[in-house]
Amino acid sequence: MFGLYGILDIVFWLLSVGAFVLSGWALVHALRIPAGAFPAAGKQTKRLWLIILGLATLFTFAAAINYLGMGMGLPNIFTIAAVIAAGIYLADVKPAVNGYRGGGNQGPYGPW
């Protein structure tokens, strides 16, 4: 039914979609955090992270639609850099700024 290249195309397309979801998740999280939380946590500014994650989401989206028959179909250096940037945000910046989310009543065990 599928040749070797058909199966590999599906695998690479799934990896590209996963990279797009990862970058999108990081971008949405960065949008929801107040701007003052980033310098308070000792991280780069919100504007810089939004630019980096916006470009990462753009590049991973382009890689995901690349497998629909438009282009070469191989991940390029920009896609790899985008996944690294989103991973750095989610692993380092997100935990540091999570406590600064404003609004709501916060009890000792979470919102109430």
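The following dialogue asks what lies behind the labels attached to a predicted model.

Trainee: How do you know how far to trust the chain, and where is confidence lowest and highest?

Mentor: The chain averages a pLDDT of 84, and 77% of the residues score at least 70. The lowest mean, 59, belongs to strand 2 (residues 110–111), and the highest, 93, to helix 4 (residues 77–97).

Trainee: What makes up the fold, and in which order?

Mentor: There are four helices and two strands. Starting at the N terminus, the order is α-α-α-α-β-β.

Trainee: Why is the pair D92 and K43 called a salt bridge?

Mentor: The closest N and O atoms of D92 and K43 are 3.2 Å apart. The cut-off for a Lys or Arg side-chain nitrogen and an Asp or Glu carboxyl oxygen is 4 Å. The value of 3.2 Å falls within 4 Å, so the pair qualifies. A search of the whole structure finds one salt bridge.

Trainee: What makes this a link between distant parts of the chain?

Mentor: D92 sits in helix 4, while K43 sits in the loop between helix 2 (37–40) and helix 3 (46–66), and the two are 49 residues apart. K43 also has V93 at 6.8 Å, C-alpha to C-alpha, although 50 residues separate them along the chain.

Trainee: Which residues does K43 contact, beyond its neighbours within four places in sequence?

Mentor: They are F38, D92, V93 and A96.

Trainee: Are D92 and K43 buried or exposed, and how do you know?

Mentor: Neither word fits. Buried requires under 20% relative accessible area and exposed requires over 50%. D92 has 40%, so D92 is partly exposed. K43 has 24%, which is not under 20%, so K43 is partly exposed as well.

Trainee: Why is S23 called buried?

Mentor: The relative accessible area of S23 is 0%, and the cut-off is under 20%, so S23 is buried. S23 lies in helix 1. Not counting residues up to four places away in sequence, S23 touches A56, T57, T60, A82 and A86. As for F59, its C-alpha is 9.3 Å from that of S23, with the two positions 36 residues apart in sequence.

Trainee: What makes T79 buried, and what does T79 touch?

Mentor: T79 has a relative accessible area of 9%, which is under 20%, so the label holds. This residue is found in helix 4. Beyond residues up to four places away in sequence, T79 touches F59, T60 and A63.

Trainee: How do you know that A37 is buried?

Mentor: The value for A37 is 2%, set against a cut-off of under 20%, so A37 counts as buried. A37 lies in helix 2. Its contacts, leaving aside neighbours within four places in sequence, are V97 and Y100. The C-alpha atoms of A37 and V97 are separated by 5.7 Å, with the residues 60 apart along the chain.

Trainee: What makes a group of residues a nonpolar core here, and which residues form the largest one?

Mentor: Members must be buried, belong to a set of nonpolar residue types, and be joined through side-chain atoms within 4.5 Å. Twelve residues make up the largest such core: A26, A30, I33, A37, F38, W49, L53, A86, Y89, L90, V93 and V97. Helix 1 (4–32), helix 2, helix 3 and helix 4 each supply at least two of them. Helix 4 gives the most, with five.

Trainee: Which residues does L90 contact, leaving aside neighbours within four places in sequence?

Mentor: L90 is in contact with L22, W25, A26 and P95.

Trainee: How many of the contacts are long in sequence terms, and how much of the chain is buried?

Mentor: Of contacts between residues at least 6 apart in sequence, 68% join residues at least 24 apart. Buried residues are 28% of the 112 in the chain. The accessible surface comes to about 7,300 Å², and 72% of it belongs to carbon and sulfur atoms.

Trainee: Where does the record place the "transmembrane region" label?

Mentor: The unreviewed UniProt entry lists residues 6–28, 48–68 and 74–91.

Trainee: What does the model show over residues 6–28?

Mentor: That stretch is 100% helix and 0% strand, and its end C-alpha atoms are 33 Å apart.

Technical notes: Residues numbered from 1 in each chain as written. Predicted model: local features only at pLDDT ≥ 70, side-chain atom pairs only at ≥ 80, totals over all residues. Heavy atoms only, no water. pLDDT = per-residue confidence, 0-100. Buried < 20%, exposed > 50% of the residue type's maximum accessible area, 1.4 Å probe, protein only. UniProt positions renumbered as here; feature names shortened; annotations may be inferred. Contact = heavy atoms within 4.5 Å. Areas by Shrake-Rupley, 256 points an atom, 1.4 Å probe, with all protein chains shown as cover.
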